[in-house]
Amino acid sequence: MSPLYIALVHYPIKDKTGATITTSVTNLDVHDLPRSARAFDVKATYLVNPITAQRAVVDHILTHWTEGDGRFRVPKRVEALARARCVALVDDAVADITEREGQAPRILATAASGDHPVIGWAEGRAQLETQTQPTLILFGTGHGLADEVRASVDAGLAPIRANRWSHLSVRSAVAITLDRLVGE
């Protein structure tokens, strides 16, 4: 089984005009993505944002729940949030995984639009089950991953289709993706 990692990418991201921007981290993402990831035995969740102040906010939240008073209030959350990491760039997440696993990860990207070559859910699941190379799945924010990120991935995952309306929250998309790829 491929060791699995996920990253919520806040930069480089496209805005509605296609320009490259940085989006803001939300408190809900910091809490909910690692919890979904833990439920599916994802090794780590990376929150990618190059803005120092944004990373400081994430680190403050994570510290509160893993080392501060929050750990007593909701003890189960500690286990999930202890697997979360805040990094400046996708390359930093790749470097961390490479150091942990001894090899660089295969990188998959998600997209709501399906405007790039994709692998289907069954193929993605089969690859995770049969390969030992670590896998990093990138989830975009804003209006999706910037072209330079999409150009650097090994494959894209098929978009989630829900009655042909593609505007799920990223938290929902992460949970659905993980269930389809590694759920029972």
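These legends go with a few close-ups of a predicted model.

**View 1. The sheet, strand by strand.** Here we've got an open sheet of 7 strands, running β5-β4-β1-β8-β6-β9-β7, with parallel pairing. The edges belong to β5 (84-87) and β7 (118-119), each of which pairs on one side only. Helix α2 (residues 52-66) packs on this sheet and touches β4 (44-48) and β5. The direction of α2 makes about 165° with that of β5.

**View 2. Strand β8 and its two partners.** Strand β8 covers residues 135-140, and 5 of those 6 residues are buried, so the strand is largely enclosed by the rest of the structure. With β1 it pairs in the parallel sense over 6 bridges; look for L8, which stands opposite F139 of β8. Strand β6 (residues 106-109) also runs parallel to β8, joined to it by 4 bridges. In that pairing, R106 sits opposite T135 of β8.

**View 3. Out at the β7 edge.** Strand β7 is one of the edge strands, and it pairs with β9 (residues 155-157) in the parallel sense over 2 bridges. The residue to pick out is I119, opposite L157 in β9.

**View 4. Helix α1 against helix α8.** The axes of α1 (residues 27-39) and α8 (residues 170-182) come within 10 Å and cross at roughly 5°. Since angles under 35 degrees count as roughly parallel, that makes α1 roughly parallel to α8. On the α1 side, the contact uses L28, D29, D32, L33, S36 and A37; α8 brings V170, R171, V174, A175 and L178. Sort the contact residues by type and you get 7 nonpolar, 1 polar and 3 charged.

**View 5. Helix α1, its length and its cover.** How far should the 13 residues of α1 span at 1.5 Å a residue? The expected figure is 18 Å, and the end C-alpha atoms are 19 Å apart, which agrees. The buried residues of α1 are D29, V30, H31, L33, P34, S36 and A37. What covers them includes the strands β1 (4-9), β4 and β5, along with the helices α2, α4 (75-81) and α8. Just after the helix, keep an eye on D41, which takes a positive phi of about 60°.

Technical notes: Residues numbered from 1 in each chain as written. Predicted model: local features only at pLDDT ≥ 70, side-chain atom pairs only at ≥ 80, totals over all residues. Heavy atoms only, no water. Axes fitted to C-alpha atoms, helices over the stretch in contact; angles between N-to-C directions. Parallel < 35°, antiparallel > 145°, perpendicular 65-115°, else oblique. Contact = heavy atoms within 4.5 Å. Nonpolar A, V, L, I, M, F, W, Y, C, P; charged D, E, K, R; others polar. Pairing = 2+ DSSP bridges. Expected span 1.5 Å × (residues − 1). Buried < 20%, exposed > 50% of the residue type's maximum accessible area, 1.4 Å probe, protein only.
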